[in-house]
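Here's a walk through one protein chain, written for someone who'd rather be at the bench. Have the structure open beside you and follow along.

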Amino acid sequence: MPARGDPARVSIILPVHNAEPWLDECLRSVLQQDFEGSMELSVFNDASKDKSMTIVEKWKEKLEGSGILVVIGGHDSPSPRGVGYSKNQAVAQSSGPYLCFLDSDDVMMPQRVRLQHEAAVRCPASIIGCRVSREPPGSTERYTRWVNQLEPHQLLAQVFTSNGPTVIMPTWFCSRAWFSHVGPFDEGGRGVPEDLLFFYNHLRKGGGVIRVDQSLLLYRYHPHAATHAVLETTMWTHRVRFLEERVLPHWAAFTIWNAGRQGRWLYRSLTDRARHKEKPKPRVPILHFRAARPPFVICVKLGYTPTRPTLRRSGTWTPSAAEVSGFCAGPQVQLRGSRPRRERVCEQADPEDGVCKDIHSEPHAAWAVLRPGPAEAGVVAVCAGCWLAVMQAWLAKLTRKGLRDSGCR
């Protein structure tokens, strides 16, 4: 136990708004941390109307008896000011050189602070995340799988997906100095994705993204979670603007891959300047896939690839990141004038069961993929999951060109 009066090494940032059903379990997890350094808990009450603060006061004695200083602030206005405001206030009233963010409805595993602190010391200009377990089990299954299975390079490559930050906000851990450098959370209130906006600012300033590959947080799903107040259209607008800022300036022209709803929506969402780079220029133009030219902006739903391989494996081919800029997909998207191709087993799959052992946990049927060159000679088989993994590696390489070195290796 740290000596009483030692300055806090880690400040746990806990905004609270009507969290009575979950606070006991949340605060117990703070008490059970195995971190040997000094900690403080900074609680900010955002106009709770239930018994949340009674529970906090009850736990304050237990926590301070274990050497964890508890700092409590808040307001009792008629309405809450929002998650961004509450986090900023909790950070401002805390004192530790490292910040561990925690939502009042979640539960930390005992080793969370220790393992993320070790990573943050090594990489002071990075946001440190972790894997999560969902409560109740099975809720948001695709999203949870995405959060937990991203490869290290995909933590940058997939910043443009609909899922938000590639390490989710309730798992964030960072240095106070870096938090101050990036800037406070947006305080626009309900419906503002303050975590996504902060994450994009973090990337603009050259910050790194790291995930501790252990499940260190029980991430609770319930209908009252603040994330439900953020509209899909709001997230989409911020993503498109970030894409226009960080990627499209590097290209003289590009092709949107997908002539369906997502591709058309993206085309209509672009600013006039970016839209004129898309070839050709008529309203929502649609090309035969053989006429499409790289670079591509891919608009596909992740996690929807078919799960039953149907035909035999054919040859061996492993795509490299250097080749990917010349790829385009066949029947994965419905492009006007394209002829459907036969489904194949991914060439990276096991011949016995069709499972891509290194990338996927279940069988995936393959889509035809074209490489530059004679049409027939360029046709190979690769499943959508493997193809996207390679595309993401290429996009990560491109994205890094727009980010200055974070200093973490």
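What follows covers the chain as a whole, then some helices, three buried residues and a few backbone oddities.

This is a predicted model, so keep in mind that local features need pLDDT of at least 70 and side-chain atom pairs count only at pLDDT 80 or more, while totals for chains, interfaces and linings use all residues. Residues are numbered from 1 along each chain as its sequence is written, and side-chain values use heavy atoms, with hydrogens and water left out.

**The whole chain**

The chain has twelve helices and 14 strands. Both are DSSP runs numbered from the N terminus: helices are H or I with at least four residues, strands are E with at least two. Of its 409 residues, 53% count as buried. Buried here means under 20% relative accessible area, exposed means over 50%, and partly exposed is in between, using a 1.4 Å probe and protein chains only. Now for contacts, meaning heavy atoms within 4.5 Å. Take those between residues at least 6 apart in sequence: 79% of them join residues at least 24 apart.

**Helix α2 and its kink**

Helix α2 runs over residues 52-65, which is 14 residues. From first C-alpha to last it reaches 20 Å, close to the 20 Å expected at 1.5 Å a residue; the expected span is 1.5 Å times one less than the number of residues. Still, α2 has a kink of about 30° centred on Trp59. That bend is the angle between axes fitted to the seven residues ending at a residue and the seven starting there. Trp59 is also one of the buried residues of α2, alongside Ser52, Met53, Ile55, Val56 and Leu63. What covers them includes β1 (10-16), α1 (23-31), β2 (39-46) and β3 (69-75). Just after α2, Gly67 takes a positive phi of about 90°.

**Helices α8 and α9**

How do α8 and α9 cross? The axes of α8 (residues 194-204) and α9 (residues 232-246) come within 11 Å and cross at roughly 10°. That makes α8 roughly parallel to α9. Axes are lines fitted to C-alpha atoms, for helices over the stretch in contact, and angles run from 0 to 180 degrees between N-to-C directions. Angles under 35 degrees count as roughly parallel, over 145 as roughly antiparallel, 65 to 115 as roughly perpendicular and the rest as oblique. On the α8 side the contact is made by Leu196, Leu197, Tyr200, Leu203 and Arg204, and on the α9 side by Met235, His238, Arg239, Phe242, Glu245 and Arg246. Those residues divide into six nonpolar, one polar and four charged. For that split, Ala, Val, Leu, Ile, Met, Phe, Trp, Tyr, Cys and Pro count as nonpolar, Asp, Glu, Lys and Arg as charged, and the others, Gly among them, as polar.

**Three buried residues**

His202 is found in α8, and it counts as buried because its relative accessibility is 0%. Beyond its neighbours within four places in sequence, His202 is in contact with Ala125, Ser126, Ile127, Trp178, Val182, Gly207, Gly208 and Val209.

Is Lys87 buried or exposed? At 2% relative accessibility, Lys87 counts as buried. Lys87 sits in helix α3 (residues 83-92) and touches Ile13, Pro15, Met169, Phe185 and Glu194, not counting residues up to four places away in sequence.

Ser104 lies in the loop between β4 (98-101) and β5 (107-108), and at 10% relative accessibility it is buried. Leu14 is 90 residues away along the chain, yet the two C-alpha atoms are separated by 6.3 Å. Leaving aside neighbours within four places, Ser104 contacts Leu14, Pro15, Val16, Ala19, Trp22, Leu23 and Cys26.

**Helix α5 and the backbone oddities**

In helix α5 (residues 141-149), the buried residues Tyr143, Thr144, Trp146, Val147 and Asn148 pack against β6 (126-135) and β8 (208-220). The loop between β6 and α5 holds Pro136 and Thr140. A cis peptide bond joins Glu135 and Pro136, with omega about 0°. Another cis bond runs from Pro294 to Pro295, with omega near 0°; Pro295 is in the loop between α11 (272-275) and β10 (296-298).

Two non-glycine residues with positive phi go side by side here:

| Residue | Phi | Loop | Relative accessibility |
|---|---|---|---|
| Asn18 | about 50° | between β1 and α1 | 28%, partly exposed |
| Thr140 | about 45° | between β6 and α5 | 28%, partly exposed |
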